[in-house]
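The following exercises train the reading of a molecular structure. Each task is followed by a solution that proceeds step by step.

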Amino acid sequence: MIDSDAASVVTPTVRSVLRRALFWIAMAVVAIGLLLAVVVISRAGGSSIRLSSTNAAPQGAEALATVLADHGVAVTAASSLTNAAAAITNPGETTLLLYDDGAFLTDSQLERAASLAGTVVLVDPSFRQLKATAPELGQAGPVSGALKADCGLTAATKAGSVSGGGFGYRIIDPTVDAITCFGSGDAVFSLIQLHRTAGTFIVLGTTDALTNEFIAHDGNAALALNLLGSQKNLVWYIPTIADVTAASGPTTADLTPSWVIPSLALLAVAGLAGGLWRGRRFGPLIIENLPVTVRASETMQGRARLYEKSSSRLRALDALRIGMIDQLIPIVGLPRVSTVDEVVTSVATITQQPLAQIRRVLVDAAPRSDVELVRLSDELVILEHAVTTAVRPD
Amino acid sequence: MALSGWFVLLVALGVIPIVVTSAPITLVLWLGFVVLLAAADLLIAGSPRQVRLSRELPERIRLGETAHSRLLLTNTGSRAVRGLVRDGWQPSAGAHPTRVRVVIPAGERRAIVTALTPFRRGERRAAHVTIRSFGPLRLVSRQATIRLDGAVTVLPPFTSRMHLPSRLARLRELDGVTRVLVRGPGTEFDSLRDYVRGDDVRSIDWRATARRRDVVVRTWRPERDRRVVIVIDSGRTSAARIANEPRIDTAFESALLLAALATRAGDRIDLVIFDRRVRGRVQGATGAELLARMVTTMAPVEPELIEMDWAAVPGLVRSVTSHHALVVLATSIDAPGASHGLLSVLPQLTRKHTVIVSSVTDPEVRAATVNRATRSEIYQAAAAERALLDVTRVAAAIRQLGAEVVTGTPADLPPALADAYIALKAAGRL
């Protein structure tokens, strides 16, 4: 009789499992906390969009916006065309900065944005944006290095020289009334001011000059502050996904009934539960040492395969012959120590077959092919049968 | 904790309210409902940790027979435990049933009977009992594994005991017969009796006849109180299986039959199981105790993957007896190379003792020599003839060194060894 007691329970309790895992749970909590902290600090609530007025990262432009605001310019950040339009109450005293790096706006939206304010600064426009707003200008590829002010524009002359990192533009229509600045040779300019009936339209390619990283270099600050601070109001418009109007036609999500997604989620949960149901083991495995399994006839079979592989026909046949002669000796009534010749003679006498024939089968013949081996083996069997029937006629 | 199939079904059933209401919030509500039910079920379920166990078990059982293990479960908790119990036996213990449904009200006790039909010799163990206690809704269960050792010794089957009655009858025939060779060294004088027709005239005791005025013959009985030492090789060659039985098991069967026979004949049997060290030893036991001790000693012995140390065997036999004995070496004689160790020590043994070397032959090899239909079969027949020739050569060498050789298939070897013993006894060579 073997008894168990309270100490025999092997399965750990939930409490002990938790206690054992406490260190790792604590570590995980600390790690997640650290991760969150890093994320919060790095983002600091601002946007991560390039040249955004609320982005304090090197690629943002918060420094510029803050300085402008400190000097009495009312800076308004807009994230959609509607916001921008709403922010502009007095177009004549407003500068609109438009930087659509994500190409969210359509042509018509671009045209509308360009006509919103008296002064429009279009930063780093793409081919399509230029075509929609200033078809008389064309793109001229990237520009780098410092650029000298080479025009009469106040902002440019005050700046003297700026960081040229960004893009250059070219005038396609020579009849247009334009002021070109910061030339990098080959009629490529980084700043082009057009005179429109509605007001001033400026295309600015030196994006680097506006960023937090480079704003303090060269005359960057002077250029940016004069360009954007010329009016009382500044609307800092960077288009976002909010500007994208809904595509026409229903999507897959519109067509699926509302219960499909929850049902799939429920079935996934059920599948998980099913896995836990089937996967939970009913107690640990019981260990058992298994015995080795060696079949004794394996050596015999291995030897047979060796004979076969090396085509040892004569050796194989001799083994069969020796075995047979050993069996024939008592049948023909010879003593155990008889020689092969004696056996051959008595077999020939008993079976009344020619001596040479018996000798060939039992001793002499060497098989040159597998066919001959099979034939000789058959002859051995026939001979044995003949001897047995001759000795014991029944 | 463990989930049940009902829990999975209940979760999946949530599809119905979700489709009917078409509201995503139903998913959350349904999952909350299911979790709440499961938590309630789990709380109400009786604690499997509070179950105390005890086991009643037969100590030993013969291979092929069935024993019953009784597992008593006492619920010392405050709530009823209804659930599933698994008694953890090793697979080869052949336990049935392995999972039992049981309901144990608080403070009560229930018994589970497991039938054990082991299919391997040796010690079969149970390690632990696992209990799954379900709540009233059978959605979730609490599970605990409780350590509870149990072991049953599975003895060799001794199937060859069916040959015992016929061999005992032959042994009795030796008793009291008048012998042709009355001057044989081993037979002992038993008694005088009246001559009946048919008795050998050479056994007439003339002196007694003269005294009694009636023809009297001497009767003889086989010698008694001889020593028989059985040495079983548990080395690597004994692990090989012939007709799905390891050689060592056949050796055990032969040893048991021989011991049963010899102890009835009044001889003393000693058993040693040896490879490089003594794996089992039975000395000084007689009668029923001898067989019981032999099977208990044999039960846990498995062949070791090491070479038999034949050089130590003469010393081993000397440690058992210093007198003349019948030494039975149960080993295998396969190839001249492998039997070198045996051949080198045989002279030391045969100088003092009568030695029998018993070995199992493979019926497959004999059968392979006859099948010669295809090319591969001819090569196989040749290899089989070669193997038989090797055995014959080793057997001849053993006989030349003065020992007897007994070979046979696993079924034939035990009676063949018994016959060899009876023949030696009849010849008075013990």
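**Exercise 1.** Is Ser263(A) buried or exposed, and how many other C-beta atoms lie within 10 Å?

*Solution.* This is a predicted model, in which local features need pLDDT of at least 70, side-chain atom pairs count only at pLDDT 80 or more, and totals for chains, interfaces and linings use all residues. Residues are numbered from 1 along each chain as its sequence is written, while chains are lettered from A and ligands numbered from 1 in the order in which they are written.

Step 1. Recall the criterion: a residue is buried if 20 or more other C-beta atoms lie within 10 Å of its own, exposed if 12 or fewer, and partly exposed in between, with C-beta atoms placed from the backbone.

Step 2. Apply the criterion: Ser263(A) has 20 other C-beta atoms within 10 Å and is therefore buried.

Step 3. Locate the residue: Ser263(A) belongs to helix α9 of chain A. Helices (H or I, at least four residues) and strands (E, at least two) are DSSP runs, numbered from the N terminus.

Step 4. List the contacts, where two residues are in contact if their C-beta atoms, placed from the backbone, lie within 7 Å. Leaving aside neighbours within four places in sequence, Ser263(A) touches Val15(B), Ile18(B) and Val19(B).

**Exercise 2.** Describe the side of chain A that touches chain B.

*Solution.* Step 1. Count the residues: the contact takes 53 residues from chain A and 67 residues from chain B.

Step 2. Name the elements: those of chain A that give two or more residues include β1 (2–3), α9 (260–279) and α14 (370–391). The largest share, twelve residues, comes from α9(A).

Step 3. Sort by class: this side of chain A has 33 nonpolar, twelve polar and eight charged residues. Here Ala, Val, Leu, Ile, Met, Phe, Trp, Tyr, Cys and Pro count as nonpolar, Asp, Glu, Lys and Arg as charged, and the others, Gly among them, as polar.

**Exercise 3.** Which strands form the open sheet of three strands, and which of them stand at the edges?

*Solution.* Step 1. Give the order: the three strands follow one another as β13(A)-β14(B)-β15(B), with mixed pairing. Two strands pair if DSSP finds at least two bridges between them.

Step 2. Find the edges: β13 of chain A and β15 (245–246) of chain B each have a single partner strand, so one side of each is left without a neighbour in the sheet.

Step 3. Examine the pairing across the chains: β13(A) and strand β14 (residues 240–242) of chain B pair in the parallel sense over two bridges. Arg295(A) has Arg241(B) as its bridge partner in β14(B).

**Exercise 4.** Which side chains of strand β2 (residues 51–56) of chain B point to one face and are buried?

*Solution.* Step 1. Recall the general pattern: in a regular strand the side chains alternate between the two faces of the sheet.

Step 2. Assign the faces: Val51(B), Leu53(B) and Arg55(B) point to one face and are buried, whereas Arg52(B), Ser54(B) and Glu56(B) point to the other and are not.

Step 3. Identify a partner: six bridges join β2(B) to strand β4 (residues 67–75) of chain B, and the two run antiparallel. Opposite Val51(B) in β4(B) stands Asn75(B).

**Exercise 5.** Describe the backbone at Asp124(A), Phe158(B) and Pro97(B).

*Solution.* Step 1. Recall the usual case: most residues other than glycine have a negative phi, and most peptide bonds are trans.

Step 2. Consider Asp124(A): although not a glycine, Asp124(A) has a positive phi of about 50°. Asp124(A) lies in the loop between β4 (119–123) and α5 (127–133) of chain A, and is buried, with 20 other C-beta atoms within 10 Å.

Step 3. Consider Phe158(B): here too phi is positive, about 50°, in a residue that is not a glycine. Phe158(B) is placed in the loop between β10 (140–155) and α4 (164–174) of chain B, and is buried, with 22 other C-beta atoms within 10 Å.

Step 4. Consider Pro97(B): a cis peptide bond, with omega about -5°, joins His96(B) and Pro97(B). Pro97(B) is in the loop between β6 (95–96) and β7 (99–104) of chain B.
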